[in-house]
Amino acid sequence: MLEIAPSKQAATWLSSFAQALEAGDTAAVTHLFADDCYWRDLLTFTWNIKTMEGRTAIREMLDATLATTKPTAWQLSGEASADEGTIEAWFTFETASALGQGIMRLNDGRCRTLFTAMTDLKGFEERKGPARPLGVRHKADPERETWAEARTRETRDLGAGEQPYCLVIGGGQGGIMLGARLRQLGVPTIVIEKNARPGDSWRNRYRTLVLHDPVWYDHLPYIPFPENWPVFTPKDKMGDWLEMYTRVMELNYWVATKCVSASYDEAEKVWTVEVDRAGRRITLKPKHIVFATGAYGPPRRIDLAGTGAFRGELLHSSQYASGEKFRGKRVAVIGAASSGHDVCVDLWESGAEVTMIQRSPTTVVKSDTLMEVGFDIFSEKALERGITTEKADMIVASTPFALVPHGQRAFYDVIKARDAAFYDRLRASGFAIDFGDDETGLLMKAYRTGSGYYIDVGASDLIIDGQIGLRSGVGIKALTPTGILFDDGTELAADAIVACTGYQSMNETVAQIVSREVADKVGPCWGLGSGVKGDPGPWQGELRNMWKPTAQEALWFHGGNLALSRFYSKYVALQIKARMEGIATPVYGEPSNSQGNRP
Ligand SMILES: Cc1cc2nc3c(=O)[nH]c(=O)nc-3n(C[C@H](O)[C@H](O)[C@H](O)COP(=O)(O)OP(=O)(O)OC[C@H]3O[C@@H](n4cnc5c(N)ncnc54)[C@H](O)[C@@H]3O)c2cc1C
């Protein structure tokens, strides 16, 4: 009896919610929510990725959208669960144009968080399971075209006689996953990649790189990694997987193709995109372009006095491939986040004399610890509990960004206590550690600034043991012909300097390809407007510009780690498909061009 009580409560709430929506009584709807409430919507009501915070925001959204959304068929899926007074239930529903699913969390009978997400466009559902394509026409036909012939024709014609509806610029993991989603939705798409082979985005990284996240978190849509795949994927293996995936998912993937420029005709609603395909200039005319050019923009190069004077080799981490040529050399690595640490280890393993230069504190978390306490719902144990990667993605997305810091702070309290001895040793080496301005750690740093953290897979012990030299807490005054001069007057001799100084925002790539004006109009990507260093307000409630309409019509951004790309590629694809099919997509909360600038 007790076990079904949460489901009953959830069903009662959902029924009242559905009735109030049906009646268009938005005041009654808001009374069903707690004082401190959130509704995160992925496309179903807002055709946007948006979180409404508080009753007023929820009511305003419904007043603006309910008439066109026409939500119906609200139904619980499975049993609700209860944990420390919170009832959680999954549900499905429909709108005029789409199918949706969601997760609600109730406290004392009222809704604290509601999450709604589009699963399919009605009439344009992905053809899978019982609806999978037949793959053959069982009829004698002298004109029969085989699958291989049809693929050859498509590959020949798309981008020549026929124009793609969508052009994805950048064929790293993000562009590839989005290309696969668009293909399954029947959106004619070309993915262009300046590298020679799919997967080179990983292969071209330094020799020793192995993914930092475990396999359960890394799956691609449609083709999960097999059960014997290692927990941590070596980068070349990842490259091969992406190459296989691109072929098997039938992407129209142009290698050795660089996007040179793009301009939008606002009247004709079409882009003119110039690409260089292995030395041949081609003009494409897609209706939509997606920047999947990298989680961040162009490299942030160091701008120090005396840079020109340095006689050794000076390179950015994006240009660093292997430590081999630095064997026996003195190398200074500027930067103490992920790339800085990994480059230091690679150099040390190659026999270089390495010194890391730390300019600001870093959040460090031991990989083992993250595995044990951080990937609870992305693990073998989670699978045993029925939490698939798809379900885990939904659970993660169902927490509004405003509530994430609270959970993360508690999570880092556990980590700090658990690894106290490790942190003491690391601090004793002179390494500056922080957990973010508000002690919320790595994940919030990733969302807010995408920088300043390291998942320890071995570098920290080398720093503790003095195998990797360290200069921390002192600024760099200038480069000299032979090394680095610090503010305290000391010098570090170096034969080479690797600047692991990060990347600019993605909209700087737009400035290079479209125009400065459009880059400024859309504003920076990532960051929540949390008001901490590097992520100035105003508060956005969502990540800036990612996966949703931007201030430039028909220009989208996509990217992120494997998990984010896997999940959000679906919503980018649905938005573009809806536009292709002429489905009305009134965007609630139009993007503005005043989203705050990241320094
Ligand atoms: C050391 C390290 C470890 C990491 N570990 C993990 C991990 O464990 N798990 C995880 O999920 N993520 C990890 N990441 C982070 C993240 O997944 C990657 O940065 C990822 O590559 C981002 O994918 P993307 O497709 O958005 O961008 P990218 O992989 O950078 O792909 C962008 C592509 O666009 C192409 N391109 C750019 N400009 C143009 C142009 N003008 N024309 C044509 N093509 C263009 C580039 O050649 C590139 O191939 C790690 C990153 C690093 C550096």
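In which loop is P538 found?

1. P538 and its peptide bond. This is a predicted model, and the points below should be read as such. P538 sits in the loop that runs between α18 (516-522) and β25 (555-557). The peptide bond leading into this residue, from G537 to P538, is cis, and its omega is near 5 degrees.

2. W547, in the loop between α18 and β25. The loop between α18 and β25 also holds W547. W547 is not a glycine, yet its phi is positive, at about 70 degrees. W547 counts as buried because 26 C-beta neighbours fall inside 10 Å, where the cut-off for a buried residue is 20 or more.

3. A278. A second non-glycine residue to look at is A278, whose phi is positive and near 50 degrees. A278 is placed in the loop between β12 (270-277) and β13 (280-284). Is A278 buried or exposed? A278 counts as exposed, because it has 10 C-beta neighbours inside 10 Å and the limit for an exposed residue is 12 or fewer.

4. Overall dimensions. The protein chain has 599 residues, for which a compact globule would have a radius of gyration near 25 Å; the chain has 25 Å, so the value agrees with that expectation. Along the principal axes, the C-alpha atoms fill a box of roughly 75 × 65 × 50 Å.

5. Secondary structure, burial and contacts. The protein chain contains 19 helices and 25 strands. Of its 599 residues, 43% are buried. When contacts between residues at least 6 apart in sequence are considered, 67% of them join residues at least 24 apart.

6. Domains. The domain assignment divides the protein chain into domain 1 (6-121), domain 2 (149-297 + 517-580) and domain 3 (307-499). Domain 2 is therefore written as two segments, since its bounds in the assignment are 149-297 and 517-580. The C-alpha centres of domain 1 and domain 2 are 31 Å apart.

7. The contact between domain 1 and domain 2. Here 9 residues of domain 1 are in contact with 10 residues of domain 2. On the domain 1 side, the elements that give two or more residues are β2 (49-53) and β7 (110-121). Which of the elements gives the most to this side of domain 1? That element is β2, with 4 residues. By residue class, the side of domain 1 that touches domain 2 has 5 nonpolar, 2 polar and 2 charged residues.

8. The annotated span. An unreviewed UniProt entry carries the annotation "domain: SnoaL-like" for residues 17-110. In the model, residues 17-110 are 29% helix and 46% strand, and the C-alpha atoms at the two ends of the span lie 10 Å apart.

9. The shell around the ligand. How many residues are around the ligand, and which come nearest? There are 31, and those that come nearest are G170, G172, G174, G559 and N561. The elements giving two or more residues to the shell are α5 (173-184), β11 (257-265), α9 (338-349) and α19 (562-580). The shell divides into 9 nonpolar, 16 polar and 6 charged residues. Domain 2 (149-297 + 517-580) and domain 3 (307-499) each supply at least three residues to the shell.

10. Y245. This residue lies in helix α8, which covers residues 235-248. Y245 is buried because 21 other C-beta atoms lie within 10 Å. Apart from its neighbours within four places in sequence, Y245 is in contact with I176, L220 and I223. For one of these, I223, the separation along the chain is 22 residues, and the C-alpha atoms of Y245 and I223 are 7.8 Å apart.

11. D393. Helix α12 (residues 389-397) contains D393. Is this charged residue buried or exposed? D393 is buried, because 21 other C-beta atoms lie within 10 Å. The C-alpha atoms of D393 and Y217 are separated by 9.0 Å, and the two residues are 176 residues apart along the chain.

How values were computed. Residues numbered from 1 in each chain as written. Predicted model: local features only at pLDDT ≥ 70, side-chain atom pairs only at ≥ 80, totals over all residues. Near = placed C-beta within 6 Å. Nonpolar A, V, L, I, M, F, W, Y, C, P; charged D, E, K, R; others polar. Rg over C-alpha atoms; globule rule 2.2 N^0.38 Å. Contact = placed C-beta atoms within 7 Å. UniProt positions renumbered as here; feature names shortened; annotations may be inferred.
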